[in-house]
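Here are some notes for a colleague who is opening this entry for the first time. They take up the ligand and its surroundings, and then two points of backbone geometry.

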Amino acid sequence: MKKIGILTSGGDCAGLNAVIRAVTLRAIQTYGWEVYGIHQGTHGLMRRPVDAIKFELPGCTGNLLRQGGTILGTTNKGDPFAYPFPDGSLRDISEELIEGYKLLKLDALIGIGGDGSQAILRRLAQQGGLNLITIPKTIDDDLSHTEHSVGFMTAVDVATEALDRLQPTAASHDRVMILEVMGRDAGHIALSAGIAGGADVILIPEIPYNIEAVAHKIKSLQENGRNFALVVVSEAVGTELGDKATITDQSGKSRYGGISQYLANRMTELTGAETRFTVLGHVQRGGQPIFQDRVLASVFGVHAVDLIAEGKFDRMVAWQNRKVVDVPIQQAIEGYQAVDVGGTLVKTARALGICFGDEDF
Ligand code: F6P
(Lines give C-alpha, C1' and ligand atoms only; values in the text may rest on other atoms or scores of the structure.)
Protein backbone atom coordinates (compact mmCIF):
# COMPACT_ATOMS: atom_id res chain seq x y z
CA MET A 1 0.00 0.00 0.00
CA LYS A 2 1.21 3.47 -0.86
CA LYS A 3 0.75 6.69 1.06
CA ILE A 4 0.34 9.82 -1.01
CA GLY A 5 0.10 13.46 -0.01
CA ILE A 6 -1.77 16.25 -1.71
CA LEU A 7 -1.50 20.01 -1.20
CA THR A 8 -2.85 23.17 -2.78
CA SER A 9 -0.40 26.04 -3.19
CA GLY A 10 -0.53 29.64 -4.43
CA GLY A 11 -3.72 31.64 -4.97
CA ASP A 12 -6.93 29.64 -4.66
CA CYS A 13 -9.43 29.20 -7.48
CA ALA A 14 -12.60 27.27 -8.24
CA GLY A 15 -12.12 23.55 -8.82
CA LEU A 16 -9.41 22.75 -6.25
CA ASN A 17 -11.72 20.63 -4.11
CA ALA A 18 -12.84 18.74 -7.19
CA VAL A 19 -9.18 17.80 -7.79
CA ILE A 20 -8.81 16.67 -4.17
CA ARG A 21 -11.94 14.54 -4.53
CA ALA A 22 -10.78 12.90 -7.76
CA VAL A 23 -7.33 12.11 -6.34
CA THR A 24 -8.84 10.61 -3.18
CA LEU A 25 -11.46 8.52 -4.98
CA ARG A 26 -8.97 7.13 -7.48
CA ALA A 27 -6.24 6.43 -4.93
CA ILE A 28 -8.49 4.68 -2.41
CA GLN A 29 -11.03 2.97 -4.66
CA THR A 30 -8.71 1.77 -7.41
CA TYR A 31 -5.41 1.27 -5.64
CA GLY A 32 -6.30 0.95 -1.96
CA TRP A 33 -3.79 3.67 -0.98
CA GLU A 34 -3.86 6.16 1.87
CA VAL A 35 -4.28 9.84 1.03
CA TYR A 36 -3.09 12.69 3.27
CA GLY A 37 -4.17 16.28 2.66
CA ILE A 38 -1.46 18.72 3.76
CA HIS A 39 -2.77 22.00 5.15
CA GLN A 40 -1.87 25.45 3.83
CA GLY A 41 0.42 24.46 1.02
CA THR A 42 4.00 23.72 2.02
CA HIS A 43 3.37 25.34 5.43
CA GLY A 44 1.75 22.11 6.62
CA LEU A 45 4.98 20.21 5.96
CA MET A 46 6.89 22.73 8.05
CA ARG A 47 4.78 22.27 11.20
CA ARG A 48 5.41 19.60 13.84
CA PRO A 49 3.56 17.37 13.99
CA VAL A 50 3.11 17.71 10.24
CA ASP A 51 -0.22 19.43 9.65
CA ALA A 52 -2.10 16.90 7.55
CA ILE A 53 -5.41 15.09 7.53
CA LYS A 54 -6.12 11.57 6.33
CA PHE A 55 -8.89 11.54 3.74
CA GLU A 56 -11.50 8.79 3.89
CA LEU A 57 -14.09 7.82 1.29
CA PRO A 58 -17.20 8.90 3.27
CA GLY A 59 -15.99 12.53 3.35
CA CYS A 60 -15.33 12.47 -0.34
CA THR A 61 -18.79 13.32 -1.64
CA GLY A 62 -20.02 15.30 -4.62
CA ASN A 63 -20.13 18.34 -2.35
CA LEU A 64 -16.43 18.76 -3.02
CA LEU A 65 -17.24 19.24 -6.70
CA ARG A 66 -19.42 22.19 -5.83
CA GLN A 67 -17.39 23.79 -3.08
CA GLY A 68 -15.23 26.81 -3.90
CA GLY A 69 -11.83 27.58 -2.38
CA THR A 70 -9.70 24.76 -1.02
CA ILE A 71 -10.60 22.67 2.00
CA LEU A 72 -6.86 22.29 2.65
CA GLY A 73 -6.15 26.01 2.75
CA THR A 74 -3.30 27.50 0.74
CA THR A 75 -0.70 30.23 0.75
CA ASN A 76 1.00 32.38 -1.82
CA LYS A 77 3.58 33.61 0.68
CA GLY A 78 6.76 32.19 2.08
CA ASP A 79 9.22 30.74 -0.42
CA PRO A 80 10.87 27.98 1.68
CA PHE A 81 14.24 28.76 0.09
CA ALA A 82 14.06 32.33 1.41
CA TYR A 83 11.50 32.14 4.16
CA PRO A 84 10.78 35.43 5.95
CA PHE A 85 11.17 35.36 9.75
CA PRO A 86 9.63 37.92 12.14
CA ASP A 87 13.08 39.48 12.75
CA GLY A 88 13.22 40.35 9.03
CA SER A 89 15.76 37.67 8.11
CA LEU A 90 15.27 35.24 5.22
CA ARG A 91 16.24 31.63 5.86
CA ASP A 92 16.30 28.44 3.83
CA ILE A 93 13.87 26.02 5.52
CA SER A 94 13.65 23.58 2.63
CA GLU A 95 15.15 20.68 4.63
CA GLU A 96 12.34 20.99 7.20
CA LEU A 97 9.74 20.58 4.48
CA ILE A 98 11.54 17.58 3.03
CA GLU A 99 11.66 16.13 6.53
CA GLY A 100 7.88 16.73 6.79
CA TYR A 101 7.33 14.57 3.69
CA LYS A 102 9.52 11.86 5.20
CA LEU A 103 7.83 12.03 8.61
CA LEU A 104 4.49 11.39 6.90
CA LYS A 105 6.21 8.42 5.18
CA LEU A 106 4.84 9.54 1.82
CA ASP A 107 5.59 7.62 -1.35
CA ALA A 108 4.56 10.55 -3.53
CA LEU A 109 3.19 14.07 -3.39
CA ILE A 110 0.64 15.75 -5.65
CA GLY A 111 1.02 19.53 -5.72
CA ILE A 112 -1.76 21.63 -7.21
CA GLY A 113 -0.33 25.00 -8.17
CA GLY A 114 0.64 27.61 -10.70
CA ASP A 115 4.11 28.20 -12.10
CA GLY A 116 5.61 29.71 -8.92
CA SER A 117 4.38 26.92 -6.65
CA GLN A 118 5.41 24.23 -9.10
CA ALA A 119 8.91 25.67 -9.36
CA ILE A 120 9.28 25.60 -5.55
CA LEU A 121 7.85 22.09 -5.26
CA ARG A 122 10.12 20.80 -8.00
CA ARG A 123 13.19 22.30 -6.36
CA LEU A 124 12.20 20.60 -3.08
CA ALA A 125 11.62 17.31 -4.89
CA GLN A 126 15.02 17.45 -6.60
CA GLN A 127 16.79 18.33 -3.37
CA GLY A 128 15.06 15.72 -1.20
CA GLY A 129 14.40 12.96 -3.72
CA LEU A 130 10.61 13.37 -3.38
CA ASN A 131 8.29 11.77 -5.91
CA LEU A 132 6.31 14.72 -7.25
CA ILE A 133 3.40 15.12 -9.65
CA THR A 134 1.88 18.56 -10.26
CA ILE A 135 -1.57 19.66 -11.40
CA PRO A 136 -1.89 23.06 -13.08
CA LYS A 137 -4.29 25.56 -11.54
CA THR A 138 -4.47 29.28 -12.07
CA ILE A 139 -7.20 31.66 -13.10
CA ASP A 140 -4.50 33.45 -15.13
CA ASP A 141 -4.18 30.42 -17.48
CA ASP A 142 -0.58 31.37 -18.16
CA LEU A 143 1.03 27.94 -17.75
CA SER A 144 2.46 26.53 -20.95
CA HIS A 145 1.94 22.99 -22.29
CA THR A 146 -1.68 22.86 -21.13
CA GLU A 147 -4.55 24.45 -22.96
CA HIS A 148 -6.24 25.22 -19.68
CA SER A 149 -5.48 25.21 -15.98
CA VAL A 150 -8.07 24.52 -13.28
CA GLY A 151 -9.94 27.69 -12.29
CA PHE A 152 -9.58 29.71 -15.47
CA MET A 153 -12.91 28.90 -17.05
CA THR A 154 -14.85 29.70 -13.89
CA ALA A 155 -13.04 33.05 -13.62
CA VAL A 156 -14.00 33.85 -17.22
CA ASP A 157 -17.59 32.86 -16.47
CA VAL A 158 -17.70 35.23 -13.49
CA ALA A 159 -16.24 38.08 -15.57
CA THR A 160 -18.74 37.38 -18.35
CA GLU A 161 -21.59 37.52 -15.87
CA ALA A 162 -20.25 40.84 -14.61
CA LEU A 163 -20.46 42.21 -18.15
CA ASP A 164 -24.00 40.83 -18.46
CA ARG A 165 -24.88 42.80 -15.33
CA LEU A 166 -23.02 45.95 -16.28
CA GLN A 167 -24.58 46.21 -19.73
CA PRO A 168 -28.17 47.06 -18.66
CA THR A 169 -27.07 49.60 -16.09
CA ALA A 170 -24.67 51.15 -18.62
CA ALA A 171 -27.52 51.41 -21.13
CA SER A 172 -29.92 52.84 -18.54
CA HIS A 173 -27.54 55.68 -17.65
CA ASP A 174 -25.79 56.33 -20.98
CA ARG A 175 -22.47 55.35 -19.48
CA VAL A 176 -19.16 53.82 -20.40
CA MET A 177 -18.50 50.91 -18.03
CA ILE A 178 -14.97 49.70 -17.48
CA LEU A 179 -14.54 46.24 -15.98
CA GLU A 180 -11.09 45.42 -14.58
CA VAL A 181 -10.31 41.73 -14.42
CA MET A 182 -7.41 39.70 -12.98
CA GLY A 183 -4.88 37.68 -14.92
CA ARG A 184 -1.54 38.99 -13.73
CA ASP A 185 0.64 39.52 -16.85
CA ALA A 186 -1.61 37.54 -19.19
CA GLY A 187 -4.79 38.87 -20.78
CA HIS A 188 -6.65 35.56 -21.15
CA ILE A 189 -9.53 36.38 -18.79
CA ALA A 190 -10.11 39.80 -20.37
CA LEU A 191 -9.99 38.41 -23.88
CA SER A 192 -12.37 35.50 -23.38
CA ALA A 193 -14.80 37.39 -21.15
CA GLY A 194 -14.72 40.37 -23.49
CA ILE A 195 -15.75 38.23 -26.45
CA ALA A 196 -18.35 36.30 -24.44
CA GLY A 197 -19.79 39.40 -22.78
CA GLY A 198 -19.99 41.63 -25.86
CA ALA A 199 -17.29 44.15 -24.92
CA ASP A 200 -16.63 47.06 -27.27
CA VAL A 201 -13.03 47.45 -26.13
CA ILE A 202 -10.61 44.87 -24.67
CA LEU A 203 -7.29 46.04 -23.29
CA ILE A 204 -4.69 43.37 -22.52
CA PRO A 205 -1.01 43.64 -21.55
CA GLU A 206 0.08 41.77 -24.69
CA ILE A 207 -1.27 44.51 -27.01
CA PRO A 208 0.00 48.05 -26.34
CA TYR A 209 -2.86 50.53 -26.73
CA ASN A 210 -3.24 54.13 -27.77
CA ILE A 211 -5.77 55.94 -25.57
CA GLU A 212 -6.85 58.10 -28.54
CA ALA A 213 -7.79 54.94 -30.47
CA VAL A 214 -9.95 53.79 -27.55
CA ALA A 215 -11.60 57.23 -27.32
CA HIS A 216 -12.20 57.16 -31.08
CA LYS A 217 -14.01 53.83 -30.73
CA ILE A 218 -16.24 55.17 -27.95
CA LYS A 219 -17.01 58.34 -29.92
CA SER A 220 -17.85 56.39 -33.05
CA LEU A 221 -20.27 54.24 -31.03
CA GLN A 222 -21.88 57.45 -29.74
CA GLU A 223 -22.08 58.90 -33.28
CA ASN A 224 -23.81 55.75 -34.46
CA GLY A 225 -26.48 56.12 -31.82
CA ARG A 226 -25.16 53.77 -29.15
CA ASN A 227 -25.68 55.26 -25.70
CA PHE A 228 -23.31 53.01 -23.74
CA ALA A 229 -20.05 51.13 -24.09
CA LEU A 230 -18.42 48.19 -22.33
CA VAL A 231 -14.67 48.10 -21.83
CA VAL A 232 -12.77 45.17 -20.29
CA VAL A 233 -9.27 45.81 -19.06
CA SER A 234 -6.77 43.33 -17.71
CA GLU A 235 -5.16 44.38 -14.43
CA ALA A 236 -1.60 44.42 -15.82
CA VAL A 237 -2.40 46.98 -18.52
CA GLY A 238 -0.48 50.18 -17.79
CA THR A 239 -1.14 53.85 -18.34
CA GLU A 240 -0.37 55.40 -21.72
CA LEU A 241 3.19 55.89 -20.44
CA GLY A 242 3.40 52.23 -19.45
CA ASP A 243 3.15 52.74 -15.69
CA LYS A 244 1.38 49.83 -14.00
CA ALA A 245 -1.29 50.39 -11.36
CA THR A 246 -0.36 48.49 -8.22
CA ILE A 247 -1.50 48.10 -4.64
CA THR A 248 0.97 47.39 -1.84
CA ASP A 249 -0.37 45.39 1.10
CA GLN A 250 0.63 45.54 4.80
CA SER A 251 3.45 43.04 4.25
CA GLY A 252 4.95 45.24 1.54
CA LYS A 253 3.90 42.79 -1.21
CA SER A 254 2.69 44.52 -4.33
CA ARG A 255 0.02 43.31 -6.75
CA TYR A 256 -1.78 44.73 -9.77
CA GLY A 257 -4.96 46.74 -9.33
CA GLY A 258 -6.56 50.06 -10.13
CA ILE A 259 -5.87 50.75 -13.81
CA SER A 260 -9.61 50.98 -14.53
CA GLN A 261 -9.92 54.12 -12.41
CA TYR A 262 -7.21 55.84 -14.42
CA LEU A 263 -8.84 54.75 -17.69
CA ALA A 264 -12.27 55.93 -16.54
CA ASN A 265 -10.92 59.44 -15.90
CA ARG A 266 -9.14 59.52 -19.25
CA MET A 267 -12.24 58.30 -21.11
CA THR A 268 -14.37 61.05 -19.59
CA GLU A 269 -11.73 63.66 -20.46
CA LEU A 270 -11.43 62.48 -24.05
CA THR A 271 -15.05 61.61 -24.91
CA GLY A 272 -17.19 63.53 -22.43
CA ALA A 273 -18.97 60.28 -21.60
CA GLU A 274 -19.92 59.56 -18.03
CA THR A 275 -17.75 56.61 -17.02
CA ARG A 276 -17.76 54.15 -14.14
CA PHE A 277 -15.29 51.42 -13.27
CA THR A 278 -15.63 48.07 -11.50
CA VAL A 279 -12.67 46.13 -10.14
CA LEU A 280 -13.90 42.54 -10.09
CA GLY A 281 -11.08 41.22 -7.89
CA HIS A 282 -11.25 37.99 -5.94
CA VAL A 283 -14.87 37.32 -6.92
CA GLN A 284 -13.21 35.65 -9.93
CA ARG A 285 -11.48 33.14 -7.68
CA GLY A 286 -14.24 32.23 -5.26
CA GLY A 287 -17.55 30.45 -5.61
CA GLN A 288 -18.69 27.28 -7.31
CA PRO A 289 -16.69 25.95 -10.24
CA ILE A 290 -18.54 25.73 -13.55
CA PHE A 291 -18.82 22.32 -15.17
CA GLN A 292 -15.70 22.71 -17.34
CA ASP A 293 -13.50 23.17 -14.26
CA ARG A 294 -15.16 20.26 -12.45
CA VAL A 295 -14.48 18.00 -15.43
CA LEU A 296 -10.90 19.23 -15.91
CA ALA A 297 -10.20 18.84 -12.19
CA SER A 298 -11.60 15.29 -12.19
CA VAL A 299 -9.57 14.28 -15.25
CA PHE A 300 -6.38 15.79 -13.83
CA GLY A 301 -6.85 14.19 -10.40
CA VAL A 302 -7.36 10.70 -11.80
CA HIS A 303 -4.40 11.02 -14.19
CA ALA A 304 -2.09 12.27 -11.45
CA VAL A 305 -2.81 9.17 -9.34
CA ASP A 306 -2.36 6.89 -12.35
CA LEU A 307 1.07 8.42 -12.99
CA ILE A 308 2.09 7.56 -9.43
CA ALA A 309 0.83 4.01 -9.96
CA GLU A 310 3.03 3.79 -13.07
CA GLY A 311 6.02 5.14 -11.14
CA LYS A 312 6.26 8.20 -13.40
CA PHE A 313 7.33 11.32 -11.49
CA ASP A 314 8.45 14.89 -12.08
CA ARG A 315 5.48 15.30 -14.47
CA MET A 316 2.73 17.89 -14.72
CA VAL A 317 -0.64 16.68 -15.95
CA ALA A 318 -1.95 18.75 -18.84
CA TRP A 319 -4.85 19.11 -21.25
CA GLN A 320 -3.98 19.03 -24.94
CA ASN A 321 -6.17 18.34 -27.97
CA ARG A 322 -9.13 17.12 -25.92
CA LYS A 323 -6.98 14.64 -24.02
CA VAL A 324 -5.15 14.43 -20.73
CA VAL A 325 -1.38 14.09 -21.13
CA ASP A 326 1.64 14.71 -18.91
CA VAL A 327 4.76 16.76 -19.51
CA PRO A 328 8.02 17.31 -17.60
CA ILE A 329 7.34 19.89 -14.86
CA GLN A 330 10.43 21.84 -15.87
CA GLN A 331 9.13 22.29 -19.43
CA ALA A 332 5.79 23.56 -18.19
CA ILE A 333 7.27 26.15 -15.83
CA GLU A 334 9.95 27.32 -18.25
CA GLY A 335 7.41 28.31 -20.84
CA TYR A 336 4.78 31.01 -20.46
CA GLN A 337 1.39 31.12 -22.10
CA ALA A 338 0.64 34.73 -22.99
CA VAL A 339 -2.24 35.67 -25.29
CA ASP A 340 -1.33 34.85 -28.88
CA VAL A 341 -1.82 38.27 -30.44
CA GLY A 342 -2.14 36.73 -33.91
CA GLY A 343 -4.30 33.85 -32.67
CA THR A 344 -7.91 32.86 -33.24
CA LEU A 345 -9.40 34.68 -30.27
CA VAL A 346 -7.78 38.03 -31.04
CA LYS A 347 -8.66 37.67 -34.73
CA THR A 348 -12.25 36.78 -33.86
CA ALA A 349 -12.56 39.74 -31.52
CA ARG A 350 -11.22 42.10 -34.17
CA ALA A 351 -13.58 40.58 -36.75
CA LEU A 352 -16.48 41.35 -34.40
CA GLY A 353 -15.41 44.99 -34.25
CA ILE A 354 -13.87 44.86 -30.78
CA CYS A 355 -11.20 47.52 -30.32
CA PHE A 356 -7.83 46.67 -28.73
CA GLY A 357 -6.62 50.26 -28.85
CA ASP A 358 -3.91 49.54 -31.44
CA GLU A 359 -6.01 50.34 -34.52
CA ASP A 360 -5.42 53.20 -36.97
CA PHE A 361 -8.22 55.74 -36.82
O1 F6P B 1 -2.47 34.53 -9.87
C2 F6P B 1 -3.81 34.61 -9.49
C3 F6P B 1 -4.18 36.00 -9.08
O4 F6P B 1 -5.56 36.00 -8.75
C5 F6P B 1 -3.86 37.08 -10.10
O6 F6P B 1 -4.78 37.09 -11.17
C7 F6P B 1 -3.88 38.30 -9.21
O8 F6P B 1 -3.09 39.32 -9.77
C9 F6P B 1 -3.29 37.80 -7.92
O10 F6P B 1 -3.46 36.40 -7.92
C11 F6P B 1 -3.90 38.38 -6.68
O12 F6P B 1 -3.16 37.93 -5.60
P13 F6P B 1 -3.65 37.98 -4.08
O14 F6P B 1 -4.52 36.77 -3.86
O15 F6P B 1 -2.38 37.91 -3.31
O16 F6P B 1 -4.43 39.24 -3.90
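1. For sorting residues by character, Ala, Val, Leu, Ile, Met, Phe, Trp, Tyr, Cys and Pro count as nonpolar, Asp, Glu, Lys and Arg count as charged, and the others, Gly among them, count as polar. Please keep in mind throughout that this is a predicted model.

2. The shell around the ligand consists of Asn76, Ile139, Asp140, Met182, Gly183, Arg184, Glu235, Lys253, Arg255, His282 and Arg285. By character, the residues of this shell divide into six charged, three polar and two nonpolar.

3. Two domains contribute to that shell, since at least three of its residues come from domain 1 (3–150 + 289–320) and at least three from domain 2 (153–286 + 340–351). The space that the ligand takes up is the largest pocket.

4. Among the polar approaches to the ligand, a polar side-chain atom of glutamate 235 lies 2.5 Å from a ligand oxygen atom, while a polar backbone atom of glycine 183 is 3.1 Å from an oxygen atom of the ligand. For arginine 184, a polar side-chain atom lies 3.3 Å from an oxygen atom of the ligand. The ligand taken alone exposes 400 Å², and the protein buries 87% of that.

5. Turning to the backbone, most peptide bonds are trans, and most residues other than glycine have a negative phi. Arginine 48 and proline 49 are joined by a cis peptide bond, with omega at about -5 degrees, and proline 49 has its place in the loop between α2 (43–46) and β3 (52–55).

6. Histidine 145, a residue other than glycine, has a positive phi near 70 degrees. Histidine 145 is found in the loop between β7 (132–136) and α6 (152–173).

Note on methods
Residues are numbered from 1 along each chain as its sequence is written. This is a predicted model: local features need pLDDT of at least 70, side-chain atom pairs count only at pLDDT 80 or more; totals for chains, interfaces and linings use all residues. Side-chain values use heavy atoms; hydrogens and water are left out. A residue is near a molecule or strand if one of its heavy atoms lies within 4 Å of it. A polar contact is a pair of N or O atoms within 3.5 Å; within protein, one must be able to donate a hydrogen and the other to accept it, and residues adjacent in sequence count only if both atoms are side-chain atoms. Accessible areas come from the Shrake-Rupley method with a 1.4 Å probe; for residues, only the protein chains shown count as cover. On a 1 Å grid over the protein atoms alone, a cavity is a set of points where a 1.4 Å probe fits but cannot get out, and a pocket is an open set with protein on both sides within 12 Å along at least five of seven lines; lining residues have an atom within 4 Å of a point. A molecule sits in a cavity or pocket if more than half of its atoms lie within 2 Å of its grid points. Domain bounds come from an automatic or database domain assignment. Helices (H or I, at least four residues) and strands (E, at least two) are DSSP runs, numbered from the N terminus.
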